[in-house]
Amino acid sequence: MSAKIDAIRQIARRLLSEGKVDMVIGFQKGTLPMMNEPCFVRKAEEADRLVWDSHCGINLANYVTDRKERIAVVAKGCDSRNLVNHVIENKIKREKLHIIGVCCDGMLDKRLIAQRSQTEAQAEVDAVEEKDGVVSVKAGALLWQAPRAELLQDNCKRCRHRNPVLYDELVGEPVAEKPEDDYEDVKRIEAMSPDEKWAHFEDMLSTCIRCYACRNACPLCYCPTCFVDESRPQWVGKSQDPIDIRTFHFLRAYHCAGRCTDCGSCERACPMGIPVRQFTRKLNKDCEELYGWQAGLSLDQRPALDTYNPNDPNDFIR
């Protein structure tokens, strides 16, 4: 990890000192364990604030939207795919971006580690360290360990594009990628009866408090006015009525169809621990099966549901 930190700092220092960018967006240590924060570096002498480790899960594509400066941004695989989305959707110019790609081994699941610590140690997490594929967690007076692979975020376990798909400079050696997604989690729900599905999603959303953290953390949600905030017309009620809650989640998922990179920002931000990726992963699976489409892999193609082909075989659309 330290080699990657050194490389990121050197690149940031060089770009800023040579005047090639106005700002570098990366990560700095947070005030709590497992909570690295976005870091905005505008002077070369501030580059030492930048860090990289297994707690850099926030998608930094969220911070380049509509910016006019020349920006360098640290990007793991999912971030780079969202940067592709941003360029395609004209949220930033490619020539304004300098992408510092980082080959990613996956991010640790801070919620899983916290839950396990409270179960085993009845204490808050004080420190997390890694060595030779083993994670050591200090929580109060107790220390517990587990293989790193067990403690990854679910989206990182399933990630197929751990290396940046678009970059100007690459940090680290390319890592092995998963050849395909079995969508086992989605298929399990698809196999349910309609009543079972209804009960499943009703239970899943029963704790939603409509804080919109999932929307706010999503690098795809940059509409000037979100449909849930519209009042003329009012597309969705403002209450905690279950129908309003379901409508919000279903429409938000469809808004991301063909654009979602499964970066996990929505789930990581949810204070209630709701697995909202179950909606977007279903639509990712449909887009792949129906259109052979994965979001954010190419600057040369529009998202699957954002284009029209006159040779479309479906007569109904003509």
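Start by selecting Asn90, which sits in the loop between α2 and β4. This is a predicted model, and the tour follows its computed geometry. Colour the backbone at Asn90 and check its torsions: phi is positive, about 60°, although the residue is not a glycine. Switch on the surface, and you will find Asn90 exposed, with a relative accessible area of 60%.

Now step back one position to Glu89 and show its side chain together with that of Arg259. The two form a salt bridge, with the closest N and O atoms 2.8 Å apart. Glu89 belongs to the loop between α2 (77-88) and β4 (97-102), while Arg259 belongs to the loop between α8 (242-255) and α9 (265-269), so this pair ties together parts that are 170 residues apart in sequence. Are these partners buried or exposed? Both Glu89 and Arg259 are buried.

**A second positive phi**

Next, select Asp132 in the loop between β5 and β6. Here phi is near 55°, again a positive value in a residue other than glycine. Asp132 has 73% relative accessibility, so it counts as exposed.

Keep this view and add the strands on either side of the loop. Show Asp126 and Lys138, whose side chains meet in a salt bridge at 4.0 Å, N to O. Asp126 lies in strand β5 (residues 125-131) and Lys138 in strand β6 (residues 134-139), so the pair ties together parts that are twelve residues apart in sequence. Asp126 is partly exposed, with a relative accessible area of 42%. Lys138 is partly exposed as well, with a relative accessible area of 40%.

**More salt bridges**

For another pair, select Arg67 and Glu69. Their side chains meet in a salt bridge of 3.1 Å, N to O. Glu69 counts as partly exposed at 25% relative accessibility, and Arg67 counts as partly exposed at 26%.

Then try a group selection: Asp154, Arg158, Asp181, Asp182, Asp185, Asp262, Glu267, Arg277 and Arg281. Show these as sticks, and you are looking at a network of linked salt bridges. How many salt bridges does the structure hold? The count is 32.

**The cysteines**

Change your selection to the cysteine side chains. A disulfide is a covalent bond between the sulfur atoms of two cysteines. With a cut-off of 2.5 Å between cysteine sulfur atoms, the count comes to zero disulfides. Cys39 is in no disulfide, and the nearest cysteine sulfur, that of Cys56, is 11 Å away. Cys39 is buried, at 1% relative accessibility.

Move on to Cys218 and Cys221. Why is there no bond here? The closest cysteine sulfur to that of Cys218 is the one in Cys221, and at 3.9 Å it is too far for a bond. Cys218 also counts as buried, at 8% relative accessibility.

**A cis proline, then a helix pair**

Follow the chain to Pro233, in the loop between α7 (213-217) and α8. Pick the peptide bond from Arg232 to Pro233 and look at omega: the bond is cis, with omega near -5°.

From that loop, carry on into α8 and display helix α10 (residues 277-291) with it. Two packed helices are described by the angle between their axes and the distance between the axes. The axes of α8 and α10 come within 9 Å and cross at roughly 35°. Their crossing is right-handed. Which residues make the contact? On α8, select His249, Phe250, Ala253 and Tyr254; on α10, select Phe279, Thr280 and Leu283. Colour the selection by class, and this contact shows five nonpolar, two polar and no charged residues.

**Last stop: Leu112**

Leave Phe250 highlighted and add Leu112, which lies in helix α3 (residues 110-121). Draw a distance between the C-alpha atoms of Leu112 and Phe250: they are separated by 26 Å, and the residues are 138 apart along the chain. Zoom in on Leu112 and show its surroundings. Setting aside residues up to four places away in sequence, Leu112 touches Glu150 and Leu151. With 28% relative accessibility, Leu112 counts as partly exposed.

Notes
Residues numbered from 1 in each chain as written. Predicted model: local features only at pLDDT ≥ 70, side-chain atom pairs only at ≥ 80, totals over all residues. Heavy atoms only, no water. Buried < 20%, exposed > 50% of the residue type's maximum accessible area, 1.4 Å probe, protein only. Helix = DSSP H or I, 4+ residues; strand = E, 2+ residues; numbered from the N terminus. Axes fitted to C-alpha atoms, helices over the stretch in contact; angles between N-to-C directions. Left-handed = near helix turned anticlockwise from the far one by under 90°. Contact = heavy atoms within 4.5 Å. Nonpolar A, V, L, I, M, F, W, Y, C, P; charged D, E, K, R; others polar.
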